[in-house]
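User: I would like to learn how to read a protein model step by step, beginning with the overall fold and ending with single residues. Could you take me through one?

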Amino acid sequence: MHVCIKRADRLLFFSTCSSQINTALQLAKRFGWDINTFPVYKANAETNQFKEPLTYVNCNKCYDISVSDFVDLINKGEVRLLKGNFTDVDLQLIAKGVKSSTQIVRDIKKLL
């Protein structure tokens with residue numbers, strides 16, 4: 001599953017992982033990454049649609065594509081949309097994670 005955030009005419013994709021919170025902690029420790037680059041969310045059927053009790057977003061890996069390329073992926077059946085939203089606080093945690101990451105380029109950081 002990926003989290004997708006639309007900013008201007010760009011879409012930012014972040015990979016997510018559930019039930020492997022210890023993996024995120026080990027990666028942060030191993031590579032010296034700020035733990036804030038792995039914000040953790042509780043499942044909430046009303047907003048984020050995560051099914052597992054805890055899911056983290058990896059803010060150290062972000063893919064940037066255009067809206068038109070994303071529409072093409074949907075039309076080809078390569079991407080399936082799952083509806084869900086983040087609160088403003090949730091989005092602020094992702095923005096903080098991206099800005100704290102040494103792995104993300106400045107152009108993407110500016111989008112958040």
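Analyst: What follows is a reading of this predicted model, going from the whole chain to particular side chains.

User: How many helices and strands does the protein have, and what pattern do they follow along the sequence?

Analyst: A fold is first read as an ordered list of its elements. Here there are four helices and four strands, and their order from the start of the sequence is β-β-α-β-β-α-α-α.

User: What does the radius of gyration say about the protein?

Analyst: The value is read against what a compact globule with an equal number of residues would give. For 112 residues that expectation is near 13 Å, and the protein has 14 Å, which agrees. Along the principal axes, the C-alpha atoms fill a box of roughly 40 × 35 × 25 Å.

User: What share of the residues counts as buried, and how much area does the protein expose?

Analyst: Burial is counted per residue, whereas exposed area is summed over atoms. Of the 112 residues, 33% count as buried; the exposed area is about 7400 Å², of which carbon and sulfur atoms supply 50%.

User: Which share of the contacts joins residues at least 24 apart?

Analyst: The share is taken among contacts between residues at least 6 apart in sequence, and in the protein it comes to 61%.

User: How far apart are the mean positions of the positive and negative charges, and how many salt bridges are counted?

Analyst: The charges are first averaged by sign, and individual pairs are then examined. The mean positions of the 16 positive and 11 negative charges are 6 Å apart, and the count of salt bridges comes to one. That salt bridge is formed by R10 with D64, whose closest N and O atoms are 2.9 Å apart. Because R10 lies in strand β2 (residues 10-18) and D64 in strand β4 (residues 54-66), the pair ties together parts that are 54 residues apart in sequence.

User: Are R10 and D64 buried, exposed or partly exposed?

Analyst: The partly exposed class runs between 20% and 50% relative accessible area. R10, at 24% relative accessibility, therefore counts as partly exposed, and D64, at 32%, also counts as partly exposed.

User: Where does Q49 lie, and which residues does Q49 touch?

Analyst: A loop residue is placed by its flanking elements and then by its contacts. Q49 lies in the loop between β3 (40-42) and β4, and is partly exposed, with a relative accessible area of 26%. Leaving aside residues up to four places away in sequence, Q49 touches N44, K83 and G84. The C-alpha atoms of Q49 and K109, which are 60 residues apart along the chain, are separated by 25 Å.

Terms used:
Residues are numbered from 1 along each chain as its sequence is written. This is a predicted model: local features need pLDDT of at least 70, side-chain atom pairs count only at pLDDT 80 or more; totals for chains, interfaces and linings use all residues. Side-chain values use heavy atoms; hydrogens and water are left out. Helices (H or I, at least four residues) and strands (E, at least two) are DSSP runs, numbered from the N terminus. The radius of gyration is taken over C-alpha atoms; the globule rule is 2.2 Å times the number of residues to the power 0.38. Buried means under 20% relative accessible area, exposed over 50%, partly exposed in between (1.4 Å probe, protein chains only). Contact means heavy atoms within 4.5 Å. Accessible areas come from the Shrake-Rupley method with a 1.4 Å probe; for residues, only the protein chains shown count as cover. Lys and Arg count as positive and Asp and Glu as negative; His and the chain ends are not counted. The place of a charge is taken as NZ of Lys, CZ of Arg, CG of Asp or CD of Glu. A salt bridge is a side-chain nitrogen of Lys or Arg within 4 Å of a carboxyl oxygen of Asp or Glu.
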